[in-house]
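Dear colleague,

Please find below the structure for your files. A short account of what was found in it follows.

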Amino acid sequence: PAGPQRLVLWLGTPEFRRGPCRVRINGEPVGPPVSTQPREYVLLDVRGVTNSDTLSIHFESVECGSFSVTGLVFYDPPEARVRPALWPIFPAHPAMPPPPSAPTPPHDAVAGSQAAVRDYFLAAYDNYGSFSQAGAWYQNMFPIRALVGNPTAMEDPRVRAAIVQVVERFVEAQHEDGTWSSDYFGVPGCPLSNEIARGDESANLADVGSMALCLTLAQRLSTPEQADRFRAAAQRYAERFVMPAQLADGAFPNLRWQGTHYTVPYTIATATQGLQLFAWGSTSHDDRIRKSGWDALAWLAASVQPSGALLFRHHDRTEAVLMTAREMGDLFYVMDSLLEALAWATPEESALLLDSAGRLVEGPSGLLAVMNEPTWWDQAEPWEQAKRIGAASILMRYRLARGMDGDLTPMEARLLAACASPEHGAWYGAFIPQSRIGGEHGATATGLAGMALNLYASSPSRTVEAP
């Protein structure tokens, strides 16, 4: 628009120090670089800005610097007519639900979809030890499992190096008491990164337990020296922090989450810790740790009802509630732990795990029954939606465990079609760049799609077209 314009920016954040950061408007610097302390805000009031077409705002920060824009107000001159044509900083990504008629690709075509998962994570990897741009450790578990489970990806030295560097960063951030902060930020070694890594606002067993499983999975990819560090970190976490928190009945609480310490049994914490302890105890031949993990898994199995519903315990209340796969965001972790633990289980243990997983999948209120409800295919909020595509990995792993080699059900075929297609996978948050709208859980959803594709590639099941 013609005439002078005014731009007001607020910089700062309540939690952390930010800066130094230099702001440029249409290429011209606006004052000196800005630094802020926690709960300190700096207002930049820029008047007289003129430009006929566009207004550009650039934020420049050195490697250890960062910035947080709390607010932006644009004032146009009275005589101007400003159209709502702001350039989308984080544009939305096109997403289409998987059509009922979409067939799953033949086995010999799955490699291309697996390569798309690999390429997504190579592009998302930031060279500082992170696949997740959300700064949540648990989200890195899904990419690592998807890549480790793909033999072709494991032949790529870039993939192997990236996985090891993520786990190395995780190990380096371990606290003296054996645990980790649930979150991380930016470049390792920078002041803000160190502050978040050392923080104890959240060090919850549910989130950290997910990532701790990767200490076991990554050992075969690492050098002997790295593997020693991964083993030491897993042992320290189990002995110093996790096992002392286990309740008498085998369950785990969530402990510290968003500034509050929780001590009641929490189903998701029990699932993630049960799996990682069982895996590490079996791998290290430490019977104490293995038994701790098994006790947690047995507690989960006992929570599964004959109907296929689950007696679920939330992290912040004492009463239990019945939950079905309509709430896949929570139930996924239970199904995943029961089935993934089969890799380390004895025949007797496997029978218990498969029996409880079978009820969750095939019971009257189980996953397959719920997937036949039209509303299950509607779009939910992103966290829930990411776990719904994860149902494909549950079903494929269950098929393999049961030795089922018949045709896929129409619902299985439909969901696997989403795993194999970036267009339809985006309906669940998969394959969307994490900086875009809808990509907040892109690392989780894409990792789960990759896990399902890996399992399908090794399955003898044939495909059928969904009706």
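How many disulfides does a search of the whole structure find? The search, run on this predicted model, finds zero.

Two cysteines illustrate this result. The sulfur of C214 has its closest cysteine sulfur in C419, and because the two are 19 Å apart, they are too far from each other for a bond; the cut-off for a disulfide is 2.5 Å. Seen from the other side, C419 is likewise in no disulfide, its nearest cysteine sulfur being that of C214, 19 Å away. C214 counts as buried, at 0% relative accessibility, and C419 is buried with a relative accessible area of 0%.

Turning to the nonpolar residues, the largest nonpolar core comprises 121 residues, of which I163 and L367 touch the most other members. Leaving aside neighbours within four places in sequence, L367 is in contact with A325, M328, M335, L360, V361, W376, A391, I394 and L395. Another core, of nine residues, lies apart from it; L9, V30, V34 and L44 are among its members. In general, nonpolar side chains tend to be buried together in soluble globular proteins.

Finally, one charged residue deserves mention. R399 is located in helix α13, which spans residues 382-402. With a relative accessible area of 4%, R399 is buried, because the cut-off for that term is under 20%. The side chain of R399 makes a polar contact, at 3.0 Å, with the side chain of E412.

Yours sincerely

Note on methods
Residues numbered from 1 in each chain as written. Predicted model: local features only at pLDDT ≥ 70, side-chain atom pairs only at ≥ 80, totals over all residues. Heavy atoms only, no water. Core = buried A, V, L, I, M, F, W, Y, C linked by side-chain atoms within 4.5 Å. Buried < 20%, exposed > 50% of the residue type's maximum accessible area, 1.4 Å probe, protein only. Contact = heavy atoms within 4.5 Å. Helix = DSSP H or I, 4+ residues; strand = E, 2+ residues; numbered from the N terminus. Polar contact = N/O pair within 3.5 Å; in protein donor to acceptor, adjacent residues only side chain to side chain.
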